Amino acid sequence: MFLKMLLGALIRQKKKHLMIAFTVGLGVSLATAMLGVMFDVGDKVNQELKSYGANLNVIPKGSSMMGDLYRLSEGEGEGGELSELESDFIREDELYKIKMIFWAYNIVDYAPFLTVQVGLNGQKVPLSGTWFNKHLSLPTGDEVDTGMTAMKSWWVLEGRPGDDADPTGVLVGRELARAQGLKVGSNLEVQGPDGKAESLKVRAIFESGGEDDRGIFAPLALAQGLAQRPGLVQRVEVSALTTPENDLARRAAQNPGSLTRLEWDTWYCTAYISSIAYQIEEILPGVRVKPILRVAQSEGAILSKTQLMIILLTILTLLCSALAISNLVTANIMERSVEIGLLKALGATGLSISLLVLCEILIAGFGGGLVGYLVGLGLAQFIGLSVFGSTVAVKSVVIPIAVLMVLTVTFLGSLPALKTLLGLNPTEVLHGR
Amino acid sequence: MLSNRSFALRMVLWSLLRRRSRLLVALTGVTIGATVLLGLVTLCYDIPKQLSREFRSYGANMVFVKDQVGGRLTHGDLESVRETLPADRLVGLTPFRYEPVHNNMLPYTAVGTYFADVRLTSPFWRVTGEFPSEPGQILLGAEVAEATKLQAGQRISIEGRNTNQDRYSKDFTITGTVSTGGVEDAFIYLSLTDMEEMTREPGHIDLVEASLTSGGTPLGDLADLVRRNVPDIEPRLVTRVTRSEDTVLTKLTWLVYLVTVVVLTLTMICVTTTMMTVVMERRKEIGLKKALGAENKKVAREFLAEGLMLGVLGGLIGSLTGLLFARLVSYSVFGRGLNPEFHLVPLTVLVSALVTVVASLWPVKKAMEVEPALVLKGE
Amino acid sequence: MLNPEISPDRILVISDVSKIYGPIKALQNVSLSVGSGEWLAIMGPSGSGKTTLMNIIGCLDSPTSGRVLLDGLGLDSLSSAELTAIRRESIGLIFQQFHLVSYLTALENVMVAQYYHSLVDEKEALEALENVGLADRAKHLPRQLSGGEQQRVCIARALINHPKLLLADEPTGNLDETNEAMVMDILHSLHKRGSTIIVVTHALEVAAHAERTLVLEHGRVASDVRNQPYQK
């Protein structure tokens, strides 16, 4: 009988149940979309922030950092002398190991640099050898493409991008090109520190907005040849996806030895910038890995703020949609006061009426929720595609959360209205007083 | 004597006041809608601005140098730049002066600056110990500290020659070390005032860093403005920062906008369905009024008035809660309050009223199409 | 048409009216005429078509075929807005379920009818309540009134615009004997003052109050007889 009544109510009161299904569906689609975006926004923003370039600098243990942000007066204090000690360099043939650390998949890009002062028309000019877009085959069987082109996304190139296979093709900074009257396709001749001359061709003129605009970027082998440091590089810039730092990460960065075993495991297995740095130091002996705080710190701040913002927005929207659903359920139950009064007059107990009404609402809500979930997936993808140009990976944890939310909300939303109606005298309800 | 108009008003008011539980349901619905509307729209205004401020943690996005090689700026130039740039977008403006110095016969670069400004333009500096706060104090780059094996609390002697080749030498107290993973690690920092005193050559500045929020006039135009207003100065955009900020900030802003649009649409539909349910319950009443000879127009007008009142009331309450909502998000995410956009309140009320009225008139129209006899006999 | 019987004292003339809902013939060729000041009872078992007839007379429904003249005016070919206007001007309705607006007081419920008709007049509305013996309950909400009191409010509301025809559908169906007597007394005094009354009922004792009884069976007129003058 219960089933018959349930079915009858569901089929004959189609409109009302459709309304409930519709609202619950809206709520669920909202929840799914927001939760989907919420769980994935960190990864997405992290990826976007990679456009700020490297956040780790790998240098040989002995040397100090010679990179420069705003060099002031040319030539001054810059002997351009390369160290004679091999310990002041990193071996190029070991660099593939960077892609084999625990957090290998978080290493987005890396590129080695070897800078040598070369003579160009009587002027001293820094020439940096690097990987533009190097293909590496790892012993693990993975194939990796990495290099500077992807890492310095803010560079504006005029001409063809750098190519590791073109041994004499170089990129020339805009200011240097202007000073020397160089154009894309021009030929130039540079002299290495010990007088060795190389004839080069300009593949592209680039604008970086920094000091690099006064230098030349060349394939690594060319710079190694000019510097006579075959197989060696001075430093490696690494761009890695990281987790915003917390207290643990800061303590670990100071001294990894101060952590307890458990803390150490947590730290090592989380993609903190300090643990990635530590792992690179582990795998490449003789190097020091320094986080570039300008990038790393800002990434952390922006990432955590964006995540917090989306989380808060999600919670608040979920709250609102929960309220809206329970509100509608209340309205729906109120509308049915006569029907409930009648059932009561016929001798139905409060419990059986509640069960009937709840079942109806839950079935309608479930149907709506299912459709809403699919719509929500679509909305999440729409947001992902139109903002980040890639799909949002909706975590499976979203499903139980959404289901639980709908069940709780519809259930809790029904209770107050049911309670009021069951408290009423059936005759009063029936006589429409 | 009671006029027809005031009787109609009385009817509408009683309908709202004497059906309290229904009123509550409808009002809750409208209020939620208004809260989400105002809250999200306020955030839409606010979040890009706030995020833009967060992006300033990447440091300076514009630097100023003298336009001829080897030339130096003056304090006058610094002040002119400060006056030219819009104050509400200027997060910080920091002068730097570089001098080659020696300690224990080893060469270093000493940098004179104002530490209060550095904290604004370079929030990423990680200082172990403290920033210098008094004259005679100095901050070492991490690599310098490592090379000299000096630490906070110890003293360091700095010597050098000024442009007239006059020797100078001064002892400083180390307050801490700075590490950034960049060139800063290799410098020695002291206050610009100390440096001018030490070198006996006041007035020089090599470089000025500015950190400006985005939004409004593009940075390139601001650079042109400075170039026109301050003689012999060369503003340069730090492209690496500006260009990346442009792309990332645009995407984040779009994310917020899209989320807002989706949430708003769905919420408004929710409000509509709630209103529809509440009004559908009153089909009997509509049937009765029609049986009594009410014209459709009059009944519709009553519901319109009711919807209008609900919409306005819900809109007003929702505006209040919406502003709180936005404030809550802004405070907990960015740690800053936000300027309540009061001019959005009338808009919110208007939209709430519109949604409510439209949502309630549709079922009224449906109910009126049905013969009153059918409605009155009960379904 | 057939014997239109158009004369000034005929307030309602129904000729050959049928109403068909899909396969169901609710009314078949019903003809009826009611004189001004007459009190007619329409009787019949459930499903005999009496409510359908009442809805057609009350301008709440239109016949499938046939002609209805109310106060000399043909109701067919009128739009629903025009029917509404006639309902407002000429007919007072009393329902079995009372149908009061739940959130308005007794007085306000009466005034609703004034409001939709022409102008509200609180004094007149109060007098109408006085006439049904409810002056002291004017400020009560429907849920605070007994069934009899609610029905009397309905009568006051039906009468407020001086309708040409008072139409009551089972007016005592939800009332006990005392309240039924009270309602019938009111109808009697209205009849005495010259109101035309049509009461739809299935109860003989209610029909007995009327001057004339029309019995419907299966949608057709089964009998149409004059009653004995009512004796208390």
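1. Which residues does W264(A) touch, leaving aside those up to four places away in sequence? Three turn up: P256(A), L259(A) and Y278(A). The tryptophan itself sits in helix α7 of chain A, residues 261-268. I98(A) is another matter: 166 residues away along the chain, with 21 Å between its C-alpha atom and that of W264(A). Keep in mind while reading that this is a predicted model.

2. Staying in chain A, have a look at strand β11 (residues 216-219), which runs parallel to β4 (residues 123-130) and is joined to it by four bridges. If you want a pair to find by eye, T130(A) has P219(A) as its bridge partner in β11(A). β11(A) also pairs with β8 (residues 169-173) of chain A, this time antiparallel and over two bridges. There, F217(A) of β11(A) is the residue opposite L171(A).

3. Now the contact between chains B and A. Chain B puts in 69 residues and chain A 70. About 6500 Å² is buried between the two, with carbon and sulfur atoms accounting for 69% of it. On the chain B side, the residues that lose the most area to chain A are Y58(B), R126(B) and R240(B), which together make up 12% of what that side buries.

4. The charged pairs here deserve a look too. Chains B and A share six salt bridges, and the structure holds 41 over all chains. One of those between chains joins K251(B) to E48(A), at 3.2 Å from N to O. That pair links helix α8 of chain B (residues 239-280), where K251(B) sits, to helix α2 of chain A (residues 14-49), which holds E48(A). In another, K305(A) meets E54(B), and the closest N and O atoms are 3.5 Å apart.

5. Chain B also meets chain C, with 31 residues from chain B and 28 from chain C. The buried area comes to about 2900 Å², 60% of it from carbon and sulfur atoms. Three tyrosines are the ones to display: Y103(C), Y115(C) and Y116(C) supply 30% of the area chain C buries against chain B, more than any other three residues. Two salt bridges are counted between these chains. E108(C) and R10(B) form a salt bridge, their closest N and O atoms lying 3.5 Å apart.

6. Within chain B, I'd pick out a helix pair: α10 (residues 296-334) and α11 (residues 344-369). Their axes come within 7 Å and cross at roughly 150°, and the crossing is right-handed. Sorted by class, the residues in the contact of α10(B) with α11(B) are 15 nonpolar and nine polar, with no charged ones.

7. Chain C has a four-stranded open sheet, ordered β2-β1-β4-β5 and antiparallel in its pairing. The edges are β2 (24-35) and β5 (73-74) of chain C; each has a single partner strand, so one side of each has no neighbour in the sheet. Eight bridges tie β1 (residues 10-21) to β2(C), and I14(C) is partnered with L32(C) in β2(C). Helix α1 of chain C (residues 50-57) packs on this sheet and touches β1, β2 and β4 (65-70), with its direction at about 125° to that of β1(C).

8. What is the strand order in the six-stranded open sheet of chain C? It reads β6-β7-β8-β3-β9-β10, with mixed pairing. β6 (91-94) and β10 (220-226) of chain C are the edge strands, each pairing on one side only. Neighbouring strands are turned by 15° against each other on average, direction ignored. Helix α2 of chain C (residues 80-90) packs on the sheet, touching β6 and β7 (165-169), and its direction makes about 85° with that of β6(C).

9. One pairing inside that sheet is handy for checking the register. Strands β3 (residues 39-43) and β8 (residues 196-200) of chain C run parallel and are joined by four bridges. Across them, W39(C) has I197(C) as its bridge partner in β8(C).

Key. Residues are numbered from 1 along each chain as its sequence is written. Chains are lettered from A and ligands numbered from 1 in the order in which they are written. This is a predicted model: local features need pLDDT of at least 70, side-chain atom pairs count only at pLDDT 80 or more; totals for chains, interfaces and linings use all residues. Side-chain values use heavy atoms; hydrogens and water are left out. Two strands pair if DSSP finds at least two bridges between them. Axes are lines fitted to C-alpha atoms, for helices over the stretch in contact, and angles run from 0 to 180 degrees between N-to-C directions. Contact means heavy atoms within 4.5 Å. A crossing is left-handed if the near helix is turned anticlockwise from the far one by less than a right angle, and right-handed if clockwise. Ala, Val, Leu, Ile, Met, Phe, Trp, Tyr, Cys and Pro count as nonpolar, Asp, Glu, Lys and Arg as charged, and the others, Gly among them, as polar. Buried area is the accessible area (1.4 Å probe) that two parts lose on being put together, summed over both. A salt bridge is a side-chain nitrogen of Lys or Arg within 4 Å of a carboxyl oxygen of Asp or Glu.
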